[in-house]
Amino acid sequence: MEISALQRERYKYQPKLPAILSQSIEDVALSFGKPTKSIADSDALAELFKLSYGKPIASIVKGKNEKINQPLIVGVILSGGQAPGGHNVIAGIYDGLKKGNKSSVLLGFLGGPGGMLEDRAVEITDTIIDEYRNTGGFDIIGSGRTKIETPEQFAAALTTAKKRNLDAVVVIGGDDSNTNAALLAEYFTAQNLKTRVIGCPKTIDGDLKNEYIEASFGFDTAAKTYSELIGNIERDAASARKYWHFIKLMGRSASHITLECGLQTRPNVCLISEEVEAKNISMVQIVEQICSSIVKRAANKDNFGVVLIPEGLIEFVPEMKKLIEELNDIMADHGDELTEKTGFADQISWLNSRLSGESNTLFTALPPEIARQLLADRDPHGNVQVSRIDTEKLLIGMVEEKLKELKKTGMYNGKFSALAHFFGYEGRSAFPSNFDADYCYSLGFTAFVLIASGLTGYISSVRNLTAPADKWTPGGIPLTMMMNMERRHGSAKPVIKKALVELEGKPFKALAENREKWAENTCYRFPGAIQYYGPSDVCDQPTKTLILEHS
């Protein structure tokens, strides 16, 4: 295979580890804290996870571990969307296993959780892993979005685990995937199976974090990749001076990506979904906010600008949120009836009697292409696929209409020409930044220590991430500690709670403090491409979000 010069050089990069993991493996042990509780719904979760609820937090410390050198057979699963650094998680697990015992085996299940259900796997070898170190993507074994949720699926996972004689399975995924890992750990324990289950926190969305999971891997690289592109567009906008760029950014429900990119690039408008929900801001008010910036800049003869829009915005606008929740419930209970309708007009007619009056009025008033997107197939977790909804184009259309009104009243005399962008897939499989390369490798190596120490139902944790890597602190967090009960597919389900943008947090406050200045003036910042070689303050810096949160 012909490879690029950068890929060849990245193969040579040796990821940095916390000091405790860089020493002799025989001197690595665990210490435990007090029993833990879930963040909410403790009684319900204790009942669902009778065998794994309440486990203590584990810290990796210096000490003797008699189990660390035992030969192990471990399976690894990549679950959900791609995130830069996934290959290094697998490399960390692999190197840990081989450091513990050269006869240990790492199996990669192909195509996500479905690969385990169907027993499709490949043994990871030196030759295979060396082709993927420090590279982006999930192509080493592929990913998938299959959920292990039915009795038949759990039984199939059990059969594979027994057949392969697995000592453990590592699930590399986001909040839903790690919820699945917790359920699988509970099931295996109930069946008296030796196979342990450990999770790793993956998602560019940044919504799998808490006090003990400071960041989900891939967020650093994706945010920096998008920030480079936004900076490029800002430079072009300031040069051409004739376009307003409406940029939607991937991030599912949380606005962490948009917030980080806003802090990195200083756009004229940066919308945050969580603020929209908290302040009950309507679509009309959002449009007015954007138009206010356009009008102010036009008065300075700056008929150009940049608007950042979080992917999940449409779900947080109060009237749209209510509509989507109703549609989700209807499609969960009567989806087959809806799909039987032959045309869009028939679907609208069928929905008239099932939507509330307010939601029905809103739905019929939407542009047909947006309404159709709201009726598209849900993802495996029952959610509307917001990346398919052209929120940026909807806003452009509404802004154009508002500006026409303002022109008639003499309140606006500028020129408005808009371009729509969606940055998502451009960042999900990029070469990982040095931070993500190091962080992911540390997560994988930590997962090995948790497995070798006999733990199950935990997620790999590496903390103190704003410090140099040798001062990071590895350990394990009980998955049930991060859970609550939420409504999915019309019923209450245990899920890891999404971490949304905190409006009282330092990152959002830093954005809010500068919002008015950026709205009127051209304060663009150009981060440039991710750098892999050079001074540490250029190459190894974490995100502004992490720095502000831990300042």
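How much space lies in the largest cavity? About 90 Å³. Keep in mind as you click around that this is a predicted model.

**Stop 1: the cavities**

The structure holds 4 cavities of 30 Å³ or more. For the largest one, select Gly206, Lys209, Glu214, Ala215, Ser216, Phe219, Asp220, Phe435, Thr543, Thr545, Leu546 and Glu549, which line it. Now colour by helix: α9 and α23 (544–549) each supply at least two residues of that lining. The most comes from α23, with 3 residues. As for the idea behind a search like this, rolling a probe the size of a water molecule over the atoms shows where empty space is left.

**Stop 2: the four-stranded sheet**

Next, bring up the open sheet of 4 strands, ordered β9-β10-β8-β11 with parallel pairing. At its edges you'll find β9 (269–270) and β11 (418–423), each pairing on one side only. Helix α9, residues 219–240, packs on this sheet and touches β8, β10 and β11. Its direction makes about 175° with that of β8. Show α18 (residues 391–408) as well: this helix also packs on the sheet, touching β8, β10 and β11, and its direction makes about 160° with that of β11.

Now hide the helices and zoom in on β8, residues 244–249. On one flank, β8 pairs with β10 (residues 305–310) in the parallel sense, over 6 bridges. Two spots to label there: His245 stands opposite Val306 in β10, and Leu249 stands opposite Pro310 in β10. With β11, β8 pairs in the parallel sense too, again over 6 bridges. Label Phe246 and you'll see Ala420 of β11 opposite.

Why is β8 described as largely enclosed by the rest of the structure? Because 6 of its 6 residues are buried. Turn on side chains to see both covered faces: Trp244, Phe246 and Lys248 are buried on one side, and His245, Ile247 and Leu249 are buried on the other.

**Stop 3: the nine-stranded sheet**

Switch over to the other sheet on this tour, an open one in which 9 strands run in the order β1-β2-β13-β12-β7-β6-β3-β4-β5 with mixed pairing. β1 (28–35) and β5 (121–123) stand at the edges; each has a single partner strand, so one side of each is left without a neighbour in the sheet. If you look along the sheet, neighbouring strands are turned by 25° against each other on average, direction ignored.

For an antiparallel pair, select β2 (residues 56–62) and β13 (residues 473–478), which are joined over 2 bridges. Ser59 stands opposite Gly475 in β13.

Then add two helices. α8, residues 175–190, lies across β6 (168–173), β7 (196–201) and β12 (458–463), and runs at about 170° to β7. α20, residues 434–452, lies across β1, β2, β3 (73–78), β6, β7, β12 and β13, at about 135° to β12.

**Stop 4: three residues to click**

*Leu374.* Go to helix α17, residues 368–374, and pick Leu374. Is Leu374 buried or exposed? Buried, with a relative accessible area of 0%. Beyond its neighbours within four places in sequence, Leu374 is in contact with Met320, Leu323, Ile324, Leu327, Phe363, Leu366, Val384 and Ile389. Try a distance as well: Leu374 and Arg388 are 14 residues apart in sequence, and C-alpha to C-alpha they are 8.6 Å apart in space.

*Ile128.* Jump to helix α6, residues 126–130, where Ile128 is found. Ile128 has 25% relative accessibility, so it counts as partly exposed; the partly exposed range runs between 20% and 50%. Leaving aside neighbours within four places in sequence, its contacts are Val122, Glu123 and Ile140. Draw a line from Ile128 to Ser387 and you get 33 Å, C-alpha to C-alpha, for 259 residues of sequence separation.

*Gln153.* Finish in helix α7, residues 151–163, with Gln153. Which backbone atom does the side chain of Gln153 reach? The backbone nitrogen of Glu149, at 2.9 Å. Not counting residues up to four places away in sequence, Gln153 also touches Leu117, Thr146, Lys147 and Ile148.

Note on methods: Residues numbered from 1 in each chain as written. Predicted model: local features only at pLDDT ≥ 70, side-chain atom pairs only at ≥ 80, totals over all residues. Heavy atoms only, no water. Buried < 20%, exposed > 50% of the residue type's maximum accessible area, 1.4 Å probe, protein only. Contact = heavy atoms within 4.5 Å. Polar contact = N/O pair within 3.5 Å; in protein donor to acceptor, adjacent residues only side chain to side chain. Pairing = 2+ DSSP bridges. Axes fitted to C-alpha atoms, helices over the stretch in contact; angles between N-to-C directions. 1 Å grid on protein atoms, 1.4 Å probe; cavity = no way out; pocket = protein on both sides within 12 Å on 5 of 7 lines; lining within 4 Å. Points joined across faces, edges and corners; volume = space filled by probe spheres on them.
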